[in-house]
Amino acid sequence: MLSCFLKGTVGMLHIGCHLSSSKGYAHMGKEALSIGADTFQFFTRNPRGGSAKPLNVADMENLRQMMEEHGFAKVIAHAPYTLNACAADEGLRAFARNTMADDLMRLEYIPGNYYNFHPGSHVKQGAEKGIELIAEALNAVLKPEQQTTVLLETMAGKGTEVGRTFEELRAIMDRVELNDHLGICMDTCHVWDGGYDIAGNLDAVLSEFDRLIGIDRLKALHLNDSMNPLGAHKDRHAKIGEGHIGTEALSAVTNHPLLKHLPFCLETPNELSGYAAEIALMRSLYQD
Ligand code: FE
Ligand code: FE
Ligand code: ZN
């Protein structure tokens, strides 16, 4: 029953955007505050993969304190999008596992936040094999004591991407032993491109999600408009109101009783000032 999970929380919209991590953690916190955000997302390292910067515990602790002081919602660390936990090549799979394990170790210095990753592309091995390999990677990297929740991002279904359907996401989670540490991040552009009509019938999409995965597993959203029509399987983000989903439908997402308490991160093609404007817009359309 969807209604079991109605939080009834009165409060502000938790919204932010993707920020550059090049100047460190505390800098992102300040930047978020400067644009009216109370959450944000960042890449844990170069989005194309590669090595992370040396661990700077003091910088991470500064962010942790800033978040506490200013009442931030949880933030989202995003894995490099080139990781492929279900690559056909074992070397590439090992790289994905090692990177995820290292990212998760680091995130324990800002405990209690989210680590979001793209499940992967099965590269013609078939979705079933992809699902198995992704679960295998998660079984290798999750630790009972970790305080980070790992989020599988809903995908647009471009190429051989796994995780377009709620069924596939559920199948991955079912195969993971420590699946208490797993949740879902719903990307509005991706689900739309994937064929879920969040503009025409958001309630139906959410009840489908609840039936297949459980609405309590939905932990965060990426708030993006889409350059393409429903079901295009493309994954091209548009600014809020400049795509096929539209401002009204996106504001219905942030205002939905099942979603309105969750953190929303914009990944729209914007500079900081554009993000500030979209955050202000979404806040103005939000009803407590
Ligand atoms: Fe993503
Ligand atoms: Fe996304
Ligand atoms: Zn995308």
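## The second largest pocket

In this predicted model, the second largest pocket holds about 320 Å³ of space. Its lining is made up of 21 residues, and those that lie nearest the centre of this pocket are Ser-21, Tyr-25, Thr-44, Lys-53 and Arg-106. The elements that each give two or more residues to this lining are α1 (25-34), β2, α2 (57-69) and α3 (90-107). Sorted by class, the lining of the second largest pocket has eight nonpolar, eight polar and five charged residues.

## The largest pocket

The largest pocket has a volume of about 530 Å³, and 22 residues line it, with Phe-43, His-78, Tyr-81, His-118 and Asp-235 lying nearest its centre. Two elements, β2 (39-43) and β5 (120-121), give two or more residues to the lining of the largest pocket. Its residues divide into five nonpolar, eleven polar and six charged.

## The zinc site

Asp-235, which is among the residues nearest the centre of the largest pocket, is also a donor to the zinc ion (ligand 3). The protein donors of this ion are His-190, through NE2, Asp-235, through OD, and His-237, through NE2, and they lie 2.0 to 2.3 Å from the zinc ion. Along the sequence these donor residues follow the spacing H-x44-D-x1-H.

Two of these donors come from distant parts of the chain, since His-190 sits in helix α6 (residues 188-194) while Asp-235 sits in the loop between β10 (225-226) and β11 (237-238), 45 residues apart. Is each of the two buried or exposed? His-190 has a relative accessible area of 2%, and because the cut-off for buried is under 20%, His-190 counts as buried. Asp-235, at 18% relative accessibility, is therefore buried as well.

## The iron site and its neighbours

The iron ion (ligand 2) has as its protein donors Glu-153 (OE), Asp-187 (OD), His-222 (ND1) and Glu-267 (OE), which lie 2.0 to 2.2 Å from it. The angles among the four donor atoms run from 85 to 173°, and the site of this iron ion is irregular. In sequence, the spacing of the donor residues is E-x33-D-x34-H-x44-E. His-222, in strand β9 (residues 218-223), and Glu-267, in the loop between β12 (263-266) and α9 (272-284), are 45 residues apart, so that this pair links distant parts of the chain. Both His-222 and Glu-267 are buried.

How far from the iron ion (ligand 1) is the iron ion (ligand 2), and which residue coordinates both? The two iron ions are 3.3 Å apart, and Glu-153 coordinates both. The zinc ion (ligand 3), for its part, is separated from the iron ion (ligand 1) by 5.3 Å.

Methods
Residues numbered from 1 in each chain as written. Chains lettered and ligands numbered in written order. Predicted model: local features only at pLDDT ≥ 70, side-chain atom pairs only at ≥ 80, totals over all residues. Heavy atoms only, no water. 1 Å grid on protein atoms, 1.4 Å probe; cavity = no way out; pocket = protein on both sides within 12 Å on 5 of 7 lines; lining within 4 Å. Points joined across faces, edges and corners; volume = space filled by probe spheres on them. Helix = DSSP H or I, 4+ residues; strand = E, 2+ residues; numbered from the N terminus. Nonpolar A, V, L, I, M, F, W, Y, C, P; charged D, E, K, R; others polar. Donors = N, O, S within 2.8 Å, 3.2 Å for Na, K, Ca; no water. Buried < 20%, exposed > 50% of the residue type's maximum accessible area, 1.4 Å probe, protein only. Tetrahedral: all angles 85-135°; square planar, octahedral: opposite > 155°, others 65-115°.
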